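Here are my notes on the model, point by point. Please read them with the structure open.

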Amino acid sequence: MPPQEPLVSVSGVQKTYFTRQSPIQAVASASVDVARGEFVSLLGPSGCGKSTLLMMIAGLEKPTAGSISLHGSAVVNPRRDIGIIFQDATLLPWKSTLENVLFPIQILKLPMEKYRERARELIAMVGLTGFEHKKPAELSGGMRQRVAICRALIHDPDILLMDEPFSALDAITRDQMNVALSEILETYKKTVIFVTHSIREAAFLSDRVVVMGGRPSTIILDMKMPFPRPRRFEIEETQEFAQVCRQLRLTIEAAHGHPPALVKSSTASPASGSAVIE
Ligand code: ADP
Ligand code: MG
């Protein structure tokens with residue numbers, strides 16, 4: 001593969017779900033390239049097709065039109081060179097931290113002994129040394145999501161796909177997880193595609209933020225984040241950070257109309273026309 005070729009290439013992708021009622025056009029059109037080592041966020045309000053696009057990149061959903069390639073070859077099935085992290089940690093409750101982290105090795109039938117040390121190293125990296133033999137029920141939400149990150153990294157995939165991995169956590173833990181993820185990626189360099197509906201989270205973590213929105217949904221902005229790395233909380237206090245967040249917010253509001261402050265009901269559904277963003 002020539003070095004300039006993107007690691008992930010999404011080209012003219014559309015997705016329509018054919019349900020028993022009317023067809024739902026989840027993604028009208030999306031084209032985006034992700035270079036090796038890049039951290040790209042897909043940002044947009046609930047229902048704009050972020051998860052759908054991520055699942056197509058993972059090979060877990062098929063595009064209705066267009067094509068997706070990884071390493072220059074078309075994605076047609078789920079692949080081993082991808083690690084996926086979802087909103088819920090989805091750990092096996094009867095298995096310990098160490099066993100959960102090693103679970104993909106069991107599934108992929110890789111040599112367990114070879115990966116045990118890597119598992120311990122990853123567990124140490126996320127600050128869970130001493131918790132190797134605890135069950136998920138004995139861990140906090142943030143700790144469980146750290147275990148899920150270790151599990152996604154254990155077989156050393158090139159690409160990490162993360163779907164709102166910290167949305168279920170409280171705000172303080174979420175901030176801590178953002179810094180922890182940045183630190184992990186400084187050590188274990190990966191290409192990351194990260195789905196979020198939090199503007200601040202996208203701006204803090206990403207090299208590029210790709211905004212999805214409109215009806216039907218397309219990519220409405222692809223913006224480089226100008227902040228130097230390593231990133232720590234302090235960048236969020238800068239004027240530059242505020243300006244970037246403002247531009248992202250205005251882009252989303254321009255596509256969806258109502259700013260969140262005007263959304264009366266917290267249960268407003270995406271179909272009601274409100275942009276549910278943070
Ligand atoms: P997001 O992740 O941005 O919240 P999704 O990709 O989950 O958005 O959903 C985009 C649209 O597609 C929504 O209208 C959603 O209801 C619809 N959708 C998602 N998955 C399915 C499915 N399996 N079957 C039918 N419709 C779906
Ligand atoms: Mg989603």
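Which residues does the UniProt annotation "domain: ABC transporter" cover?

1. The annotation covers residues 8-239, according to an unreviewed UniProt entry. Keep in mind that the model is predicted.

2. Next, the make-up of that stretch. Helix accounts for 31% of residues 8-239, and strand for 27%. The C-alpha atoms at its two ends lie 32 Å apart.

3. Now the ligand site. Tyr17, Thr19, Ile24 and Ala26 are among the residues around ligand 1. The shell also includes the run Pro45, Ser46, Gly47, Cys48, Gly49, Lys50, Ser51 and Thr52. By class, the shell holds five nonpolar residues, six polar and one charged.

4. Which elements each supply at least two residues of this shell? They are β2 (24-34) and α1 (50-57). The top contributor is α1, with three residues.

5. Three polar contacts deserve a check. The side chain of Thr52 has an N or O atom 2.5 Å from an oxygen of ligand 1. At Gly49 the partner is a polar backbone atom, 3.1 Å from a ligand oxygen. Tyr17 uses a side-chain N or O atom, and here a nitrogen of ligand 1 sits 3.5 Å away.

6. How much of ligand 1 does the protein cover? On its own, the ligand has 560 Å² of accessible area, and the protein covers 62% of that.

Key
Residues numbered from 1 in each chain as written. Chains lettered and ligands numbered in written order. Predicted model: local features only at pLDDT ≥ 70, side-chain atom pairs only at ≥ 80, totals over all residues. Heavy atoms only, no water. UniProt positions renumbered as here; feature names shortened; annotations may be inferred. Helix = DSSP H or I, 4+ residues; strand = E, 2+ residues; numbered from the N terminus. Near = heavy atom within 4 Å. Polar contact = N/O pair within 3.5 Å; in protein donor to acceptor, adjacent residues only side chain to side chain. Areas by Shrake-Rupley, 256 points an atom, 1.4 Å probe, with all protein chains shown as cover. Nonpolar A, V, L, I, M, F, W, Y, C, P; charged D, E, K, R; others polar.
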